[in-house]
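Student: I would like to go through this model with you and ask, at each step, what justifies the terms we apply to it.
Tutor: Then let us look at it together and set each value against its cut-off.

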Amino acid sequence: MKSKLLILLFISFTGLIYAQDTIFVKNGQVIPAIIVEKNNTEIKYRKFGPPESAAIYSIFVSDISSIHFSDGIIADYSAAGKAGTENKPSTAFELAGTMRAVKWSFGLNLDYFKRDINDELLIFWQDKLGNPQATIDGNPLSFPIIIKTSFVLGNSGRNWMGDELQIKITPVDAISASNTTGTYEIRLRNFYYNIVLFYGHTLNHKKNLIGIIEPGLDFGFMSGYIKLNNTKYDITGNLGVGFHMALGADWFISKRLTASMRGGYRWMNIDESHKSTTSTTGYSSFYVDPTVSDELLTVSWNGPYASFGLTWSFYTKLKGAQTD
C-alpha cells in the first residue's frame, strides 16, 4: 500500500515538473511559470507553484533571454527586436516603442492655473478704488490643445524624448475684478502658444508608465479690458514671453491612447497697453501708481499649475527604418 502511494506521489510530482515553463529574463531573473499566451510583443503567464495562482502577469519579449518550455523546447529570445530576426515588425504601428518609429499625438488637457495675484495689477486696482483691501479674482480653468511628437532613445525602449505644441486660451475672466456698482472693472484673458521639450524614462517593467520632465518656452497674448469710472479701455494683443517647468507622468493605456499628468510653475509678465484716442500712436499705458512713480503697469501671469489630459496617437517610420 505504501509503495503504491509513493508511486502515485512520484507520478504527480513528475507531472508538476513537466507542467512548468521557465522564463529567463535578460536582467538575470528566473521565473517559474505556466505560459498562457504569447505573441510578438509580450508573454502572458501564471506564476508556477502551490498554491495555484489565478493572476496573469505579462513581460515584454524584448526583456526575455529565453523560455524553457515544459515539453523540453527552448525558445531563444535573445535577439528579439534586433535586425535579422524572424517575424520582424513591418508596420509603423508594430514598431511603436522602438527607435524606428515616431509617435504623433493629439489631445486635450484640463488645466488648473493659480495665478499669483500679488502683482502690480493689484496695486493699480487698489489705488483706483482707493481701497487697500480690494482683491482680484479669476477663473483658473482652461482646456489646452496638445500636439506632440516623441520617439524612443536607445534599444532598451526605456527613454523617450520629444517636443510639444500647447495652444491654450484662458476664459475671458481669467483675471476678474469689479466694484459693487460695476463702474470699475477688470476682465483679462491670455492666449498661450507654448513650445515644449520633454524627456521621459519608464517607471515599470511593462514600459507603459513614463516619468516626465518638461521645460517649455511660452508666448502669451493678453486681451480684454479695464473699466475706470465707466470708461472702458480695450486691451488687445499685449505680447509677453515666459517659460514653465513641469514634472509628471504619461500612462500608455494602449499604443493609441495616453493619459498624462503634469504639475509645475509658469513665469510670464506682460506689459499692459490699451487703445487710446488721445495718443499719437493710438495706444497708451497705465501707471501703476502715478503718485509714487512713473512705472508702467505690468500684469503677472506667474503661478503654479496642474494639468490632466488624454491624447490619441499614430506612428510613422523613421527614415531608413527598413524591415523587409
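Tutor: A place to begin is G130, which lies just after helix 2 and takes a positive phi of about 65 degrees; please keep in mind throughout that the model is predicted.

Student: Which residues of helix 2 are buried, and what do they pack against?
Tutor: In helix 2, which spans residues 120–129, the buried residues are L121, L122, F124, W125 and Q126. They pack against strand 11 (175–178), strand 12 (185–202), strand 13 (209–228) and strand 19.

Student: Which element gives the most to the largest nonpolar core?
Tutor: The largest nonpolar core has 27 residues, and those touching the most other members are L121, I136, I175, I186, L188, I226 and W301. Two or more residues come from each of helix 2, strand 11, strand 12, strand 13 and strand 14, and helix 2 gives the most, with four residues. There is also a second, separate core of 14 residues, which includes Y45, I59, A75 and Y77.

Student: What makes a set of residues such as the one with Y45 and I59 a nonpolar core?
Tutor: The members must be buried residues of the nonpolar or aromatic kinds listed for a core, Tyr, Ile and Ala among them, and they must be joined through side-chain atoms within 4.5 Å. Y45, I59, A75 and Y77 are included in the second core on that basis.

Student: How many aromatic pairs are there, and why is the pair of F124 and F286 called tilted?
Tutor: The count comes to 10 aromatic pairs. The ring centres of F124 and F286 are 5.2 Å apart and the planes stand at 40 degrees; since rings pair when their centres lie within 6.5 Å, and planes under 30 degrees apart count as stacked while those over 60 count as edge-to-face, the rest are tilted, and so this pair is tilted. The pair links distant parts of the chain, with F124 in helix 2 and F286 in the loop between strand 18 (283–284) and strand 19 (298–300), 162 residues apart. Both F124 and F286 are buried.

Student: What makes the pair of F243 and W267 stacked?
Tutor: Their planes are 20 degrees apart, with 4.8 Å centre to centre, and an angle under 30 degrees is what counts as stacked. This pair also links distant parts of the chain, F243 being in strand 14 (residues 231–252) and W267 in strand 15 (residues 257–267), 24 residues apart.

Student: Why do F243 and W267 count as partly exposed?
Tutor: F243 has 45% relative accessibility and W267 has 34%; buried requires under 20% and exposed requires over 50%, with partly exposed in between, so F243 counts as partly exposed, and so does W267.

Student: Why is S260 called buried?
Tutor: S260 has a relative accessible area of 12%, and the cut-off for buried is under 20%, so S260 is buried. It lies in strand 15 and, leaving aside residues up to four places away in sequence, touches N109, A249, D250, S307, F308 and G309.

Student: How do you know that K103 lies over the face of F252?
Tutor: K103 is at 3.8 Å from the ring centre of F252, where the distance cut-off is within 6 Å, together with a position within 35 degrees of the ring normal. The charged end of R266 likewise sits over the ring of Y305, 3.8 Å from its centre.

Student: How do you know that strand 5 and strand 6 pair, and what lies between them?
Tutor: Strand 5 (residues 64–68) and strand 6 (residues 74–76) are joined antiparallel over three bridges, and at least two bridges are needed for pairing. One of the partnerships is I67 with A75. The two strands form a hairpin with five residues between them, and G72 in the turn has a positive phi of about 95 degrees.

Student: How many bridges join strand 1 to strand 5?
Tutor: Four bridges join strand 1 (residues 21–25) to strand 5, and the two run antiparallel; the bridge partner of T22 in strand 5 is H68.

How values were computed
Residues numbered from 1 in each chain as written. Predicted model: local features only at pLDDT ≥ 70, side-chain atom pairs only at ≥ 80, totals over all residues. Heavy atoms only, no water. Phe/Tyr/Trp six-rings, centres within 6.5 Å; stacked < 30°, edge-to-face > 60°. Buried < 20%, exposed > 50% of the residue type's maximum accessible area, 1.4 Å probe, protein only. Contact = heavy atoms within 4.5 Å.
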